[in-house]
Structure formats: C-alpha cells, structure tokens
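Colleague: I have some questions about how the labels on this model were earned. Take me through the reasoning, please.

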Amino acid sequence: MADSKYFSTTKKGEIHELKEELASLDRPKKKEAVKKVIAAMTVGKDVSMLFPHVVNCMQTEDLELKKLVYLYLINYAKTQPDLAIMAVNTFVKDSQEPNPLIRALAVRTMGCIRVDKITEYLCDPLQRCLKDDDPYVRKTAAVCVAKLFDINPELVEDRGFLDMLRDMLSDANPMVVANALAALQEIQEISGKEVLQITSHMLFKLLAALNECTEWGQVFILDALVSYQVQDSKDAEKIVERVLPRLQHVNSAVVLSAAKVVLRMMEEVVLRMMEEVRSEELVKAWSKKMGPPLVTLLSAEPEVQYVALRNISLIVQRWPSILANEVKVFFCKYNDPIYVKMEKLEIMIALASERNIDQVLLEFKEYAQEVDVDFVRKAVRAIGRCAVSLEKAAQRCISVLLELIQTKVNYVVQEAVIVIKDIFRRYPNQYESIIGQLCDNLESLDEPEAKASMVWIIGEYADRIDNADELLETFLETFPEETAMVQLQLLTATVKLFLKKPTDSVQRMIQLVLSAATNETDNPDLRDRAYVYWRLLSTDPEAAKDVVLANKPVITDDSSQLEPALLKALMEQISSLASVYHKPADTFVSRQRLAVQTVDTLAAARSFAEEDVAAAAAAPQATGNGAPAAAAAAVSSAPVVDLLGEDLLGDSTPAAAPAAPAATPGGLDDLLGGLDVAPAAAAAPPAAAPAAAAADPFDLLGGMAAAAPAAAAAAPSLPQLLGGEKGKGLTVYGQLQRVGGRVVYQLHVNNGSATSVDGLMLQVNNNSFGLAPADQNVAVGTLAPGARGSAAVPMAYNPAKLAQGPANMKLQVAMRSNQLGVFYWDDNIPLAPLLEEGGTIDGQAFLAAWRGLPQEAMQKLDVTIADVEAAKARLGAVNLFVLAHRPVPGTGQDALYVTGRVFGSTQVLLELRLMRGTPGVDVSFKSERQELAAAVFAVVRSSLT
Amino acid sequence: MISQFFILSPRGDVIIRRDYLGNVPKTSTETFFRTSKFYKAGDEAPPIFLVDGVSYLSVKDGGVHLVATTRDNVSPSFVLEFLKRISIIIKDYCGSISEEAIRKNFPLIYELLDELLDYGLTQNTSTEALKTFVLNEPTVVAPPASLKPLFGLSKGPTGVFKSVLDTNRTDGKRRDEIYVDVVERLAVTFNAAGHAISSQIDGSIQVKSYLAGNPPLKIKLNDDLLITRRDGSGYAGGGGYGGGSGFSAGDYAADSSLVILDDVNFHEVADLSAFDTERCISLVPPDGEFALANYRTSHALRLPFRLSIATEADPASDHKALVRLRLWCDVPADKAASGLEVELPLPGHVARVHCEVDAPGSAALAGWEFSDKTHLLRWRFKKVLGGMDLSMRARLTLTKPFGASLRTEVGPVNLKFTIPMFSASRISLKYLQIMRKDRNYNPQRWVRYVTSSNSYTFRT
C-alpha cells in the first residue's frame, strides 16, 4: 500500500469526487477518501468545505478511520465551530467505550478542539477519564486539563481539576506523574500563578522518580529541581549526589539539565559561604565531575554540539576551572559546520592561558589559512584578542600575525592590521618595531576598518616613523571618497603628526585637511571635530598637545565577556533557549496566548495583582537572610567610591549594565502568595469585574487597596488624554497602570462623534523606558455613536523604542481609527507602574552594585514614620523591596536598604534613614540612571504618606 | 512546549504538519525554509534560530528537515533530541527516512505523532511501546541510492531496512535477527612533521533488534578495558560505572595492551551490575535502533593511515611545481579501507594539474579530479588493502613563478575513508548471548565493526 499517491490528486472536480467517496458505504473506499483529504490538508489545500462529510464518517467501529477523522477535526474545528458541535455526542460516547484506546483518543481530541462551545460538554467525560482505571487514559486526561485551562481557566478551577492533577502526582504510573507535572507546570506558565510548589517532601519524591522515568521526564524533573529553594548546604549536597549520575546519560538534554542543577547548587554553596575550605572543596569536586560529560557532548551531531557549545561558553565564563585543561577538544575539525567552528573559536579564546597559548596559537594560525573568509577573519581576530588578554604571550602572538601578513592574502593582512592596532593600544610603546613591516602592506588595505587602523597607527607613532608625512599624504589623496571612519582617523592622525613634527609640508597638509573637513563635508561629526582641532591649534598649541596626545587608557578584551548581571541571569537559564541566544528569556518569550485580553479578564487579573502586592510586601522579610550584614557593610564603604577608576576605564564597556533581572526569592514568594487567592478571585461573579476595573489608579499607587475609594465612576478616575476638537468627538481617558505583573495602558474611550468607530490601534513614540504596546489593538470593538468602551493595552519592553539622551517622563502616543484618522496626545509616565514585582536582588548583589555606582542623589522627604514595619509593607506594595533594616549606631535612627527594578531592567538602590515618629526621612538614591531619582523619590513619598 | 511540528522535503514542501498550541502562524513552514536557505552571507544556518519571537529548532536527516517551533524558553537539546528520536522512530517503522518513505507512510506517521506528542508535550517515545497504538501497515522503503550511506558513514547500523512491525508477523516470513555494530569515527590531526597532535575516537555501540518477544541479552566487552577520568578517581556512586579508583590514564597510556576510554555513557536499559567486574552488560533490548553505549577515547589508537607530502620546484620551468604524496595504510593485511578519498587544497594560482599514481594493482584508483572553483585536488580509491603503500604525484602548472611560500599554501590534506571490521580503539565484543532457553531458537546474530573518518587531517 503506497499512500504517497494521495499527494498527487489535483484534477478538477476533486472535491466533488471526494464528497461522493466519503459518503460511500464501502469502508475501505471511505478510508481512502479520508486519507486523500488529510494529504490535501497537509500540503496546505483548503478542504474545510468537506467538514460535514468527514464528520459523518466519525461514527465507526474502525479505529483507524476514526483516528483520521479526528485528525481532520482538530485542524478545522476552529473554522467551523457550529459544525464541530455535531461531533460532541460521539466524543461523549467514545469516552465511555470499553476500549481504553478509544477513550483516550476521545479525550485527547476533544481537548485539541479549541472551540469555546465544546468545552462545557468536555468536563464530564474528562472528570471520568481522570479517574480511569487505565493509566494510558489517565495520562491523556492529565494533559487535557492543561488544554482546557488554556481555553477556559475558570471552568478548570470550578470543577476542581487542578486538585485532581495534584493528586495525580502520587499516581503509581510514572507516565501519569510526568504528565500531571508537565500539565501543572504549563498551567503555571499560562496563568502566571503558582499552582505547583516544590516542598522538601516533594523534592524527595521527585528525586526518587528521577531514576524511574523516561529521559524526557528526567529533564522535566531536573528543570523543576532548579527552582527548589535549598535550605542549607547539606540539602545542596544531597541533591547533587542524586543528580551527578545523570551526567552520564546518552541524552544530551538530560546531561545539560543535570549540569544546570549542579551549577545552581555550586552557586548556592558559594553564596552560603560555609566554612570557606569546605565549600571550595565541594565546588572543586563537582567541577571535576562536570568536565568529561560536557566534553562528551561534543561527540554528538553538530546540532547538539551547537547547543552544548553555546552553553559551555557561558559556563567557562562563570567557572573557568571546569574546562581549563580541555582546550584541545575545542580545536576545530575541517568538516565542522561553520556555526560550530565559530563557537569553538570563542571558547578557545576564553580558555587560552599562558600554559596552552603555544598550542592554541598554532591552531589559530592554521585556521587563518583556511578557505572560509569569515572563519579566517575571526581566527586572526582571535590571535589579537589573546595578545590583548595574555601579556606574556603578546610577543608570540605578534610574530604569528607577522607571519600571516607575509602570506599577503588580502583579507588576512587587513584583519591583522586591525588587531595590531588593538595590541598597540594595550601595550603602548612596546612593539612599534614592527611598524615597518606593516607599512610595506599599505597598498593592500581597502577596507575602512583596516585603513582607519593603519592611519591611527601612523598618527600615534608619527615621531618614530620617518616618512609618516609621506604615508599620510598618500592616504589624504583620496580623503573625500573615504568613509567617515577613515576620514575621522585621517583628521586626528594629521593633527598628531603636526603636533609632533610641525614642518612646513605638514602645515600645508593640516590646512588642507581642516578645510576639506569643514567645508567639503556634510558629516557633522567630522566637521565638529575639525573645528575643535582648528580652534585648539589656533588658540593654544600647547593645550592642543595636552588634549590630542594625552595618554589613553589601556584597553582590555571584553568582546566576548557578558555583563556580570546578564551572565548571572543566563547561568540560571542554562539548557534553555536563552542560553543559546545569550539573551534572557523575557526578551524573546512573549505571552502571545495572553496578549489579547478583554477588559473582563484583565479586571480579574487586577484583583490578583492587589493580592500579589500584599504578598510581595511580606516577602522581603522572609528572604532577607544574610542581607542585613551585607547591607551594613555597604554603608561603611559606600559613600567614598572611586568614580574615576571605574568610569574612565570603560572605553569599550557599554554604559548601563543591566541590573540582574533574575527571578529572585522575592519574586517567587510573591507568586506563591497569589496561589491561595487565585481560585476565589477567578470565581468572582462577573458583576464585580467592572467595579474592579474602575478602581482608582491611586489605589495601586498608594498600595492601600482596602482604603481606596473604589466606588468612583469608571471614566473620570482616569485623566483625560484626548478630547474636544482635537479628538473629533472622541474622548479618551487613560493612564499607565500595573496590572497582573505587567504594564498596561488602561484606556477608556467615549465616542461622541456621529459615526461608529472601530479598528482602534495604539502606537507610542520612542521614550526613555522603551515602552511599546505588546499588542497594538485597542480591544473596544466597534463603538457606536454615544457608546463607550474600556480596554487595557498590554505594554512590553522594546529596546528599539528606547529613546537616547536623558530620561524624561513623557510619552507621546498615537491612536488610529478606521473612521476618524489618527490622534496624538502626550502623556506622563508615572514611575510606580514601571516598578516590577520580581525586582529584588540579593544582599550581595546590592552591596556590589551600591559600591560600583557613582555618588547618589539625596533628598529629605517630609514624612513621618511611626511604624517601620508598616512602612516596609507599604514600600513592598509598590514593588520597592526592603533588603535589610538595621539601626544606625549612636543616632537612634533606623536605616532601610531598599531596591526595585524599573521596567527595562534598571535596578534602583535606595537607603532610607529615619527617626521613628520624627518628621523627615533621608533618602539616598543610586542607579545606573541617576535621572530617575526625582521620580523614585516621588514614589517613595507617595507610598509612605 | 512545542507549538508545531512539521517535516519539509528538500525543496521545502510540507509533507507532515501538526499544530499543537495554535500560537504560531501557519506560514511558519515558509519562514523556516526561507530563513535556513538564505541564512546570513550564505552560511549554513544554525540548528536553532529566532524569527519574530518564534524559535525554530531543526535537524536534517535523509534529506528532509524535521522542525519544531515554539514561543517558550524550552530546553533546546530536549527538542533536538526529541526530533532525532522522531527520525529514528520513522526509520524503525518505515525502514528508512526520506521524502518518499514519509509520503508513502503518512497516515502511519500521523498515528505515531499522535502518541509521541500531545499538546506539545512529549509522551511515550519508545519504539516498542508505540507498537500497541499503530494500526497502519508500514510500506518499507529503502533509501534512494544517492542517500544510501556507505557502510558506517552515518552513525547507525545500516544495510538493514525493515520495519520493527516485522516482529509481529505470524505468517512465517518473520526473521528474528539482531545487529550489534561498533561504530567508530576518527578525528585525527597530524602536524607537518607527521606526528599526530590530536586524535580522538567517538565510538558507539549501536544495537538494532528484531527479536520477537524481546529476550534479554548479555554482551561482554574486552577484559582489558579501562575507563578513566582525568583525575583517575572514577565515579563510585550511581550505577557504578566508571573505572575503579586510583587509575591514572598516564600510567597506562604506555601499556598498549589496554583499551582505555575517557568517558562512556550507557543507554538506560543497560544493567551494569556485572560491568565493573566482568565487563558484562545485561539488557532487555527495546525494539528498533538505539545506542547501547557511547564512548570517546584519545588513548593508544590504531591510526590507519600515515602520509608524507613534499612540494618541490620543477628545474625545467619556474611556472611548474611537483607535489609528491606517499600514503601508507597501517591496518592488518586482511582488512581494507573502502571509499578512500584524498583531498588536497591547492592555492589559487594553480592553473592546471596532472596526476600520476603508483599503487599496487589491486588498489583500484577510481580517478582523480581538480576543481578550478574550489581549488581542490581529489584522488579516489575504491579499495585499499592493509599494508599497501600508495604514491601520488601531481604536476602543477602555475600562473606565477614558483615561490617557497607554495609549500605552506598546499594542503592540509584531508582523508575520507571507511574501514569495515576494524576498530581503531581495539574495543571488541567477546560474546553476545541471547538468554532464552529454547534449543530451537537460534536467531541471526550480526556483530560488525566499522571505523570511518570524521576528520582526518595532515597539516603541511
């Protein structure tokens, strides 16, 4: 039987023929017809018009035929919801069949039909199947709960399916346990609520199950273990002991997930700072065990290798010792795919040390003579990077580079010149003897970066190169045609030459360059720089010397180094896509399934949010272990920070280090808090929803949900954004708010115009926080004249929307409609909704950040605090987390160390000093973004009053 | 959570498609094909990439792409391993994986997918357990000639193309057999002086079982097998695998009578209780193909080829040069390398090449070719017996006068070969016992070895 023939039916009247065949009484013929339909569906042909005919075949004893019909049903039920109802009866009947295969098939298929109308009928069969005698049916039913939750969460909670799932974690069949666990995790993902919490009791069960379940189940369990909060180092040791054997598994996913658990425990052990020696021993022993399995991953297929290499490049940055002796295994094979070669090269650079540099250099040299241009270039750069980071090896690196220059291969020479420039910057005045050899290759330079590098070298060493003026002159001949990069370097180099050797011919040159750069260019950067030089030279040549020939800071090689905060975040996401992209998950995972929400569901979410806030307030106390000490240390050393050292070095360091966006203990507890109230809130009658939606925004700001005047009417509580003539009859009220853990633009639209309005969409201009609508639709539907509607537009972080320059709190908004065109308005961004729930960091990180940041801004707030605990809770309610609280010796004051994370990963650090019952709170503020100070002070003030 | 799974033909046609979560647009199949075909600067696309918030993970097998899409931060190796697993299952059921095999068996594959993946969550993936759930008869397809791997070129046991469903047959045509293949891939790099500066074997013991009723097996490996870790202190916990304590690779490296492995991992069916003492592995083989063990070693390998290369000027003309290669085949005389290819990159200014080969008669030279585009000179040999000594001479015509730098621009030489019944690590199966007390039960047992080149490079 060759089923491929189904793919080739393209003749006319096909559909009609299929209809007839589907109606045939002959079962084999019928089956053939359904197969043809499925084949057509697979290749993307529309066969939805056959829906009733296919569904008619559903009532059959033939399991094979049934399966095919169900496959079709899953695909098209959504487009034909009314007809899908026809299938319900059969589902219900099938779910009571004696054959477990049919029961399971019915439950599995029902859940895949994402049609709201069907879900109600699904509940009874599902309830039965969750308690089925056959494990195959039970495990299928477990997954079905997650499916149902995605369509209709209330229903799942009403029917108590979540509890049934939790009970299934103790099922005798490992497959059922694995599916129940997976379903619960998925529900947790979708809802953002904690429905599954790993207790130490459960930990034992999971560890025991580790040995029994399938490889896929092992990955699930290992990933779940990572989120377990270790009580002490004994705990950590116990876990690692059970997990280490998993490193020998054939499945690379099991190996990487096991490595993730061990790495996490290493962090725990280090963090807990047990007796120094012991923790060091443990880390050392575990590191040793992890090396060989990681190396073994490189024997797998290139696809698997690629994932392993991306992860290893993170691991070697955090724990260099694990693979310090293994550089050889990362040598490239000639037939490795290019994506594997590039990764190996990076790791080789990271592992290069004075001990193995000779070997590594030999390899790089080989690579630099291969055929793939990109790879060759990268190999040459690699040599340069080793030279910059290993002082003792610099000489050897340079001689390899010179050998490569001798090959005269055009792109090799150019790359070599670029990296030699870096070496000169790293080791000034040490290797200029080689300049002569570089100058022999001037004619082969045709790429801007190589040219610019060579020009820089000539300018920098103008006094040591006898014919520097001639060399520069040849470059200057083509000045107008060069790219901006080369022009800028030529300008600077000529000025340097002039300051070092002010001969007549050079004087002519400089006049030529300055006039060309000021008169004949439209590049403002070039013109400005030329004017600066011109003015400097004409007013005070000595000062010009001081400026232009000043000593430059030494560079370091950090092109592959990740920011510590980012590295930390990524280390927690080892063996996930984040570790392959080297981007934290929240930058690419969007909750698409939640993106479009109606006001009702948001309102419900919002009532959770209020509970969450209360829970979050309680969290810091629970997590503050060890933090007080750290914070106290911070105080003693904080005020005198050496700015200069930190700031000027940052020649190649991006200015703003994103602060740890990691999910920290506080964040978890806060989810946990949400758990208890979830079912109740979800069950709230619909009537409560509008009221919640209408609640005054200040209720979130003030953090005092109970006291807020919730009865206010919907519209007026939001500030008016658009109205009158500008609005062409439309009045828009709105404000940014924080709802359910995300920023939403709460909008209320009154249609006062004479036409119905629909198709409302929102866009914002670049702003200081990178706020952008996650979904541009303003879900108010069609507004008839006189109608009103509310919608919450979820906002997401979009780096492309990040405005450069000093922060301001302005948001420029555009909204379009199909009928009335585009409206514009300006809004103010309140800071409070931008503070994130998971925004706490641990004491250590706080201390490090506080030390590393420049002088703080300070303000005295005229508030009086009588009860410090209440104040802490209030701060927590606005997502400012108190890490530590201690008395200031000898003053009778209390000091609070507070942190929070502003939308877009900016960590803010605060120190509050206050005297109980006495007016006045001194607040010190530190952050990468100092300009947020005023806004943060405002939030602190409003939360405390 | 996997949002979609689909299989694309080499031309990008959809041959299998399932959508699980409905959160990725239908056009994802085209997006994937376009992105991977036209990746940046024509480079080969990595197996994982992100387009518009959708992650595409893919593996390629038998010419078709198996692709999963997701919007979640999943474990990438999990998904890739799962895709590989699907491809193995297709091979187990349909005999091989190719566009033709999938098209001919698509209802069966949909049936299998139903059981493999539910709502984007992996379910049962054991070939054996799946048998209970499939109703469709497989159409066994042998791979097309163009894709048929030379024996051992791919990692798996080859040469058998039949469905695991075969074991269910009761019509007397059933043939019980089991294949155990020791497959080793060599990665060796020689420096210009002819010394191996790095050498490694990635080995695998592959089992493909067609035994009805799955009787238990017992496999014994070399007694002189030593599994070492860098520090010598083997891991003592867990399944008890890993070498004894206190051994150090260095101490034994000189003693060539030992087979030393750097690291081994075992399939979960392996019972290793007798492994430390007797080097015996007991197992109940699941149906279909699986890797019983994967290992790697860099110790005391038997390197099958050595080579010397010399480039010299032609005294008669300064626009000519001569490259001499001499290749020794260092395997026992009763073994032979098949499909040997010697590949020599030449610099861009070589205009023409003429070759002469001196080889013992039986080492049939299948030909040589020089490509102007890639500047690769390639000799092909059908079969090279152990102990043979081949000489190759290439006369180069240059577009510019001969210079000393030519010596470094010629090479490195890459070798491709397959040597059946040879294991470079000297690992071997001492016996393969089928534990069934039935005198009449005597299924075919096939134990095969193959060593092939993964990357075998001589630098110049």
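Modeller: Start with chain A of this predicted model. An open sheet there has 5 strands in the order β9-β13-β12-β11-β10, with antiparallel pairing.

Colleague: What makes β9 and β10 of chain A the edge strands?

Modeller: Each pairs on one side only. The two cover residues 857-864 for β9 and 881-888 for β10. Neighbouring strands of this sheet are turned by 20° against each other on average, direction ignored.

Colleague: Why are β11 and β12 of chain A called paired?

Modeller: Pairing takes at least two bridges between the strands. Strand β11 (residues 893-902) and strand β12 (residues 906-914) of chain A have 9 bridges, in the antiparallel sense. The pair therefore meets the rule. Within it, A:Ala895 stands opposite A:Arg913 of β12(A).

Colleague: Which helices lie across strands of this sheet?

Modeller: Helix α39 (residues 843-852) of chain A lies across β10, β11, β12 and β13, at about 90° to β12(A). Helix α41 (residues 933-944) of chain A lies across β9, β12 and β13, at about 15° to β9(A).

Colleague: Now chain B. Why do β14 and β24 of chain B count as edges?

Modeller: Their open sheet has 3 strands, ordered β14-β10-β24, with antiparallel pairing. β14 (280-283) and β24 (429-434) each have a single partner strand, so one side of each is left without a neighbour in the sheet. The average turn between neighbouring strands is 15°, direction ignored.

Colleague: How do you know that β10 and β24 of chain B pair?

Modeller: The threshold is at least two bridges. Strand β10 (residues 217-221) of chain B is joined to β24(B) by 5 bridges, running antiparallel, so the pair qualifies. B:Leu217 has B:Ile434 as its bridge partner in β24(B).

Colleague: What do β16(B) and β17(B) form?

Modeller: They form a hairpin, with 2 residues between them. Strand β16 (residues 305-314) and strand β17 (residues 317-329) of chain B run antiparallel and are joined by 10 bridges. B:Ala313 has B:Ala321 as its bridge partner in β17(B).

Colleague: Why is A:Arg377 with A:Glu447 called a salt bridge?

Modeller: The cut-off is 4 Å, from a side-chain nitrogen of Lys or Arg to a carboxyl oxygen of Asp or Glu. Here the N to O value is 2.7 Å, so the pair passes. It also links distant parts of the chain, 70 residues apart. A:Arg377 sits in helix α20 (residues 373-389) of chain A, and A:Glu447 in the loop between α23 (435-439) and α24 (448-460) of chain A. Over all chains, the structure holds 63 salt bridges.

Colleague: How many salt bridges cross the interface of chain B and chain A?

Modeller: The rule finds 7. B:Arg459 and A:Glu366 form a salt bridge at 3.7 Å, N to O. That value is within 4 Å, so this pair passes too. In addition, 27 residue pairs are in polar contact between chain B and chain A, with both residues at pLDDT 80 or more.

Colleague: Which element of chain B gives the most to its side of that contact?

Modeller: Helix α2 (residues 76-94) of chain B, with 8 residues. The side of chain B that touches chain A divides into 34 nonpolar, 26 polar and 29 charged residues.

Colleague: What area do chain B and chain A bury between them?

Modeller: About 7800 Å², with 56% of it on carbon and sulfur atoms. The contact takes 89 residues from chain B and 91 residues from chain A.

How values were computed. Residues are numbered from 1 along each chain as its sequence is written. Chains are lettered from A and ligands numbered from 1 in the order in which they are written. Side-chain values use heavy atoms; hydrogens and water are left out. Contact means heavy atoms within 4.5 Å. Buried area is the accessible area (1.4 Å probe) that two parts lose on being put together, summed over both. A polar contact is a pair of N or O atoms within 3.5 Å; within protein, one must be able to donate a hydrogen and the other to accept it, and residues adjacent in sequence count only if both atoms are side-chain atoms. Helices (H or I, at least four residues) and strands (E, at least two) are DSSP runs, numbered from the N terminus. Ala, Val, Leu, Ile, Met, Phe, Trp, Tyr, Cys and Pro count as nonpolar, Asp, Glu, Lys and Arg as charged, and the others, Gly among them, as polar. Axes are lines fitted to C-alpha atoms, for helices over the stretch in contact, and angles run from 0 to 180 degrees between N-to-C directions.
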